[in-house]
Amino acid sequence: MAFAAFGSSAAPVEQAPRRRSWVALVLLLPGLAYLALFFLTPFVSLILTSLQTPVEFGDVGQFQQAFKIENYAIVVEQYWPHFLRAFGYALAATFFALVISYPLAYFIGVKARRWPLIQALMLTLVIAPFFISFLLRTLAWKALMSDETPLVQALKALSIIPNDGHLTGTAFSVIFGLTYNFIPFMTLPLYTTLERLDTRYLEAGSDLYAGPATTFWKVTVPLSMPGIVSGTLLTFIPASGDYINASASFLGSAQTQMVGNVIETNFLGLLNYPAAAALSVILMAVILLVVGIYVRRSGTEDLL
Amino acid sequence: MTRPTPQDPMIAELVSMARRTQLSRRHLLQGAGIGAGALALAACAPGGAAAPKPAEDVSDTDKTLTWGNWPAYIDEDDDGNYPTLVAFEDQTGIKVEYKVEIDDNNTYYGTIKDQLALGQATGSDTFCVTDWMVARLIRFGYVQDLDEANIPNKKNLAPALLNPDFDPGRAKSLPWQNGFAGIAWDTDALPNGLETLDDLFAPALKGKVTVLSEMRDTMGLILLSQGVDISGSDWGTDEYAKAIEVLEKNVTSGQILGIKGNEYLEDFASGNAIAGIVWSGDITAANLEAGYEKFKFALPSTGGTLWGDTFVVPMGSPRKKNAETLMNYYYEPEVAAEVASWVNYITPVVGAQEVAQEKYPELADNQLIFPNADTLSNAHIFRTLDSADDQAFNAEFQRVKLGA
């Protein structure tokens with residue numbers, strides 16, 4: 001879906017000669033089989049699981065197939081704060097990632113065009129963190145933000161955080177972690193669209209007496225919209241389901257648990273598979289809805 | 001040359017299926033489809049439909065064994081070898097693959113439960129999980145009977161551990177190590193130390209306290225501090241609710257930094273936490289890393305918990321006799337003493353203390369490894385919960401852990 005944005009957005013659409021070709025179908029087969037096997041089958045299984053009911057007088061983790069639609073109401077009633085928190089954190093992280101990534105991508109894609117070496121170097125730097133497991137990087141941030149570090153001591157000396165306060169385990173650290181971890185997913189699609197930005201449009205803007213700000217908002221942003229949309233989607237969707245950053249073992253605490261942590265706990269800690277499945281279905285449905293509205297409003301339906 | 005099959009038993013089965021019949025790609029896809037179908041069916045099938053049967057034992061011809069265990073739970077030298085295990089291999093010719101694959105009872109159970117229910121190999125011929133989980137595995141009929149004839153050293157088992165309510169006479173399980181859950185503190189920050197749980201929840205320690213994610217240890221200590229005898233059966237939902245209240249109050253107020261598994265050690269190392277409810281052996285490891293006696297462990301004056309991690313052999317394991325040979329070996333007092341000197345947990349093997357007195361005199365009086373009657377009188381075993389209580393208590397605990 002969003003990956004289409006990585007491709008050319010402005011390429012002229014050439015009508016391929018229409019031939020009934022079974023070769024195309026055969027070539028498509030592995031992809032379809034893959035989807036059926038690894039998406040459709042688990043999805044059906046997930047929906048079935050979400051409707052299961054505990055076996056009467058059964059033991060822990062024992063469920064039977066039923067049509068217990070109340071499972072959905074129960075989990076929403078019990079866990080709605082975690083849903084709100086997940087979308088709030090994901091939204092904040094997406095916003096900060098965009099604010100940080102846009103100038104970066106603009107510099108790499110537009111300003112640095114004259115120096116291909118710098119361009120390549122900076123792109124490498126954006127991707128470089130992927131060479132280390134993101135679990136390790138998140139743990140490293142936890143260590144950097146722990147109480148005895150100079151950073152936290154300084155913040156305490158300046159009374160920015162109270163004396164018995166922490167940096168880890170707060171909404172700040174979780175949103176920070178999400179932002180940090182998803183910045184490359186924002187920067188790369190932005191770069192691919194900005195790299196193709198025709199600077200003659202910008203010259204035309206100033207020729208027509210638009211100031212730099214007006215040119216930016218009226219020309220650059222609309223032209224880079226495909227990158228913005230796919231970048232925000234690539235950040236928002238995984239961020240709202242993330243359960244690493246908010247976990248108490250990493251940057252979170254009991255006060256910052258997101259819906260992903262609730263699903264994990266229900267699945268592994270409580271062996272309550274129907275609740276975990278219902279939560280997953282709801283999460284998927286809400287994300288689909290939010291993304292659908294967003295893409296429609298931003299006028300880039302062709303991305304879907 | 002064929003590559004070794006993958007560890008996941010389902011995938012391993014698929015691979016061997018493919019190899020057997022030299023299938024074309026389409027057929028392999030079909031096979032995978034059947035596998036996925038079987039998985040989906042397995043997920044739908046209500047648990048405990050048909051009790052799994054023990055696998056046929058091939059130990060006499062197949063001298064290998066895989067053993068799943070927790071991190072830092074066996075003697076290890078600087079090169080990453082396990083000296084007692086190497087000696088075992090030399091002695092018996094059984095090649096052991098030691099897998100550090102358990103860091104949480106619930107999570108481990110979650111990953112192998114489908115194979116357990118179907119009576120298939122789980123990837124480990126024997127593994128060590130905590131007693132309450134062993135109780136569940138026995139209740140579900142997931143583990144094999146052990147043959148005493150192959151474990152003559154079972155006579156060295158501490159008598160107090162011979163008849164737990166979940167496995168009288170230890171017919172299906174055998175203890176690996178025992179340990180305490182108690183309180184620990186950073187002596188640099190708290191030179192006066194702590195005595196009770198109330199000290200842990202004092203305002204001065206706000207946000208500097210961690211507690212264990214193992215429900216029976218954290219809740220056990222809180223229940224004990226409220227005067228509940230956790231080993232007895234004359235307490236239930238009301239007492240538990242009162243204890244949960246204490247936990248919830250301290251989590252919500254930010255007194256408790258986190259409810260964690262082994263990773264609380266990072267918080268101790270980084271200074272995020274300076275006190276908490278912890279496992280006894282971990283503190284020795286933390287001090288070793290700090291280079292001095294930085295942390296001190298004690299059972300609260302109101303009592304701590306005593307837990308055990310225990311060998312079982314799942315129904316799907318075809319190498320039970322090899323596993324029994326291994327258990328027998330680790331019940332030699334000399335071997336048990338060597339392991340105890342490294343892991344710093346309580347060995348269940350009688351006679352190990354005498355060996356230790358000779359070989360490791362500095363450890364023989366360590367109450368965390370060789371506790372005397374006095375120490376043991378202050379450590380309590382959490383009673384085995386029935387299934388309904390187990391689920392209800394765990395749900396409450398996880399609810400607090402998730403916050404609101």
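**Entry 1: helix α10 of chain A**

I started with the residues of α10(A) that are buried, and I noted Val259(A), Gly260(A), Asn261(A), Val262(A), Ile263(A), Thr265(A), Asn266(A) and Gly269(A). I should say at once that this is a predicted model. The helix is mostly covered, with eight of its eleven residues buried.

What do the buried residues of α10(A) pack against? I found α2, α9 and α11 (273–297) of chain A, and α4 and α15 of chain B as well. Just after the helix I looked at Leu271(A), which follows α10(A) and has a positive phi, near 50 degrees.

**Entry 2: α2 against α10**

Next I took the pair α2 (residues 70–109) and α10 (residues 259–269) of chain A. Their axes are 7 Å apart and the packing angle is about 135 degrees. Are they parallel or oblique? An angle of 115 to 145 degrees falls outside the roughly perpendicular and roughly antiparallel ranges, so I wrote down α2(A) and α10(A) as oblique to each other.

I then listed who meets whom. From α2(A) come Tyr79(A), His82(A), Phe83(A) and Ala86(A), and from α10(A) come Val259(A), Gly260(A) and Val262(A). Sorted by class, this contact holds five nonpolar residues, two polar ones and no charged ones.

**Entry 3: Ser249(A)**

I moved back along the chain to Ser249(A), which sits in the loop between α9 (225–241) and α10 of chain A. Is Ser249(A) buried or partly exposed? I counted 19 other C-beta atoms within 10 Å, and a buried residue needs 20 or more, so Ser249(A) is partly exposed.

Leaving aside neighbours within four places in sequence, I found Ser249(A) in contact with Lys260(B) and Glu263(B). I also checked Lys142(A): it is 107 residues from Ser249(A) in sequence, and the two C-alpha atoms are 9.1 Å apart.

**Entry 4: where the chains touch**

How many residues does each chain bring to the contact? I got 37 from chain B and 37 from chain A. On the chain B side, α2 (25–44), α4 (105–118), β6 (256–260) and α15 (387–402) each supply at least two residues. The most come from α15(B), which gives eight residues. By class, the chain B side has 14 nonpolar, 16 polar and seven charged residues.

**Entry 5: nonpolar cores**

I looked up the largest nonpolar core and found 101 residues in it, with Ala275(B), Ala336(B) and Ala340(B) having the most contacts inside it. Where does this core lie? Domain 1 (64–178 + 307–369) and domain 2 (180–306 + 383–402) of chain B both give residues to it, so it lies between them.

I followed up Ala336(B). Apart from neighbours within four places in sequence, its contacts are Tyr330(B), Tyr331(B), Thr347(B), Val349(B) and Ala352(B). A second, separate core has 49 residues, including Val75(A), Leu190(A), Leu194(A) and Ile263(A). I was pleased to meet Ile263(A) again, since it is on my list of buried residues in α10(A).

**Entry 6: chain A as a whole**

Last, I stepped back to chain A. I counted eleven helices and two strands, running α-β-β-α-α-α-α-α-α-α-α-α-α from the N terminus. The chain is divided into domain 1 (1–50) and domain 2 (72–303), and the C-alpha centres of these domains lie 27 Å apart.

The C-alpha atoms fill a box of roughly 75 × 70 × 35 Å along the principal axes. Of the 304 residues in chain A, 34% are buried.

Methods. Residues are numbered from 1 along each chain as its sequence is written. Chains are lettered from A and ligands numbered from 1 in the order in which they are written. This is a predicted model: local features need pLDDT of at least 70, side-chain atom pairs count only at pLDDT 80 or more; totals for chains, interfaces and linings use all residues. Domain bounds come from an automatic or database domain assignment. Helices (H or I, at least four residues) and strands (E, at least two) are DSSP runs, numbered from the N terminus. A residue is buried if 20 or more other C-beta atoms lie within 10 Å of its own, exposed if 12 or fewer, and partly exposed in between; C-beta atoms are placed from the backbone. Two residues are in contact if their C-beta atoms, placed from the backbone, lie within 7 Å. Ala, Val, Leu, Ile, Met, Phe, Trp, Tyr, Cys and Pro count as nonpolar, Asp, Glu, Lys and Arg as charged, and the others, Gly among them, as polar. Axes are lines fitted to C-alpha atoms, for helices over the stretch in contact, and angles run from 0 to 180 degrees between N-to-C directions. Angles under 35 degrees count as roughly parallel, over 145 as roughly antiparallel, 65 to 115 as roughly perpendicular and the rest as oblique. A nonpolar core is a set of buried Ala, Val, Leu, Ile, Met, Phe, Trp, Tyr and Cys residues joined through C-beta atoms within 7 Å.
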